[in-house]
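Thank you for making the time this morning. I would like to walk through one structure with you, going element by element, and I would ask you to keep the view open while I talk.

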Amino acid sequence: MDKFIDFIGIGVPKCGTTWLAKCLSEHPEIYIPENKEIHFFNKYYYSEVFEYEENYKKGLDWYISHFQGSKESIKGEFSPSYFSDPFAYKRIKKHFPDIKLIVIFRNPIERLYSSYLYSLPSSFVLRKHFKEIRDLEDITFEDYIKIAKWDVDVGFYYKHLKKWLSLFDDEQIYICFYEDIKSNPKLLLKNILKFLEVQNIDYSFKSLTKKVYVGVVPNKNSIWYNVFNKFEKLYVKSIDKFPYIYSIVKKLELGKFYQKLYLSLAYKKSEKKPEIKKETKEYLINLYKDDILSLSEYTKRDLSHWLKV
């Protein structure tokens, strides 16, 4: 079909896509829907355990409706779930073969750990699907690695990137790194604006140095942390007996309310995350090593620091 949108941020989760979307949405020539993650082209929500195809079944007109009425000349969206999804890259190619794509990479171990911390406030979902963690008082990072195979898989960046490169030209994909956001966000944004062919590439972004998410970590000494974990175990047992309860919770989006409550009561602000165990880090480095080296070779970027314990 004719080009209707200009770019899609395809990933990666927990790598700075929210910050980038926030900045780009401030530019007067760029339009990004208020809800940046439309999750239209993916079949799964990161995992085959969580099928998420309701949006694609609504049809392309539904997708395009998110951009209609906007006066900006350049339109796009960010749905990090697209990057590792087995269907998204084919569907995007089918509907928008000339689209520009943006992807951000981060040390896959740091990304996975960040994802784990982010997942804890909604761990009742994990407890529902994975019986081996249902009765745990505390879900550790090591527990998460064992069950969240889909999240571990996201970190094989080059493996997934090859799928996109099999259908899209190199020039259509802008690759950047989380370290660039930290070291020189102004230059990064300027380069992305050039890639998107924006006229004003010297625009001053209000959110340039703002943190979208203030660092938070579980407050395991808090009484609320224990209360929430005990509640989750009871909740999962109850939906085993009464499945309709989960349907009601999902329909009313009570999970989002619960997640906010969990974050406000059982988490604490902290710029420093708890250290990953040395043996866990060594295991993950060995797991990702070959993929990291392949990505480094393709991007001509030194990623050796990702391989240090």
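Let me begin towards the end of the chain, on helix 14, where K256, F257, K260 and S264 are exposed on one side. Please bear in mind throughout that this is a predicted model. The residues of helix 14 that are buried are G255, Y258, Q259, Y262 and A266. Those five cover an arc of only 100° around the axis, which puts them on the same side of helix 14. The general background is that an α-helix has 3.6 residues a turn, so residues three or four places apart point the same way. As for the length of helix 14, its 13 residues, 254-266, should span 18 Å at 1.5 Å a residue, and the end C-alpha atoms are 17 Å apart, which agrees.

Now to the sheet. In what order do the 5 strands of the open sheet stand? The order is 2-3-1-4-5, with parallel pairing. At the edges are strand 2, residues 30-31, and strand 5, residues 173-177, each of which has a single partner strand, so one side of each is left without a neighbour in the sheet.

If we cross the sheet from the strand 2 edge, strand 2 and strand 3 run parallel and are joined by 2 bridges, and Y31 has K75 in strand 3 as its bridge partner. Strand 3 in turn pairs with strand 1 in the parallel sense, over 3 bridges, and here I8 stands opposite E77 of strand 3. Moving on, strand 1, residues 7-11, runs parallel to strand 4, residues 100-105, with 4 bridges between them, and the partner of G9 in strand 4 is I102. Finally, strand 4 and strand 5 are paired in parallel over 5 bridges, and F105 finds its bridge partner in F177 of strand 5.

How many of the residues of strand 3 are buried? The count is 5 of 5, and both faces of the strand are covered, with I74, G76 and F78 on one side and K75 and E77 on the other. For strand 5, the count is 4 of the 5 residues buried, so strand 5 is largely enclosed by the rest of the structure.

Next, please look at helix 1, residues 17-26, which lies across strand 1, strand 2, strand 3 and strand 4, and which runs at about 160° to strand 3. T17 lies in this helix, and with a relative accessible area of 5% T17 is buried, the cut-off being under 20%. Leaving aside residues up to four places away in sequence, T17 touches G11, V12, K36, F78, P80 and I104.

Two of those contacts lead to a backbone feature that I would ask you to inspect with some care, namely the cis peptide bond that joins G11 and V12, with omega about 5°. V12 belongs to the loop between strand 1 and helix 1, and K14 is placed in the loop between strand 1 and helix 1 as well. K14 has a positive phi of about 65° although it is not a glycine, and its relative accessible area of 22% makes K14 partly exposed. A positive phi, near 60°, is also found at E197, which sits in the loop between helix 11, residues 185-195, and strand 6, residues 216-218. E197 counts as exposed, at 60% relative accessibility.

Turning to the interior, the largest nonpolar core has 92 residues, and those with the most contacts inside it are L24, Y63 and W164. L24, again without counting residues up to four places away in sequence, touches F7, I30, I32, F78, L189, I192, L193, L196 and F205. As a general matter, nonpolar side chains in soluble globular proteins tend to be buried together.

I will finish with helix 5, residues 108-119. Its 12 residues should span 16 Å at 1.5 Å a residue, and its end C-alpha atoms are 16 Å apart, which agrees. Of those 12 residues 10 are buried, so helix 5 is largely enclosed by the rest of the structure. The buried residues of helix 5 include P108, I109, R111, L112 and Y113, and also S114, S115, Y116, L117 and S119.

How values were computed: Residues numbered from 1 in each chain as written. Predicted model: local features only at pLDDT ≥ 70, side-chain atom pairs only at ≥ 80, totals over all residues. Heavy atoms only, no water. Expected span 1.5 Å × (residues − 1). Buried < 20%, exposed > 50% of the residue type's maximum accessible area, 1.4 Å probe, protein only. Arc of directions from axis to C-beta. Core = buried A, V, L, I, M, F, W, Y, C linked by side-chain atoms within 4.5 Å. Contact = heavy atoms within 4.5 Å. Pairing = 2+ DSSP bridges. Axes fitted to C-alpha atoms, helices over the stretch in contact; angles between N-to-C directions.
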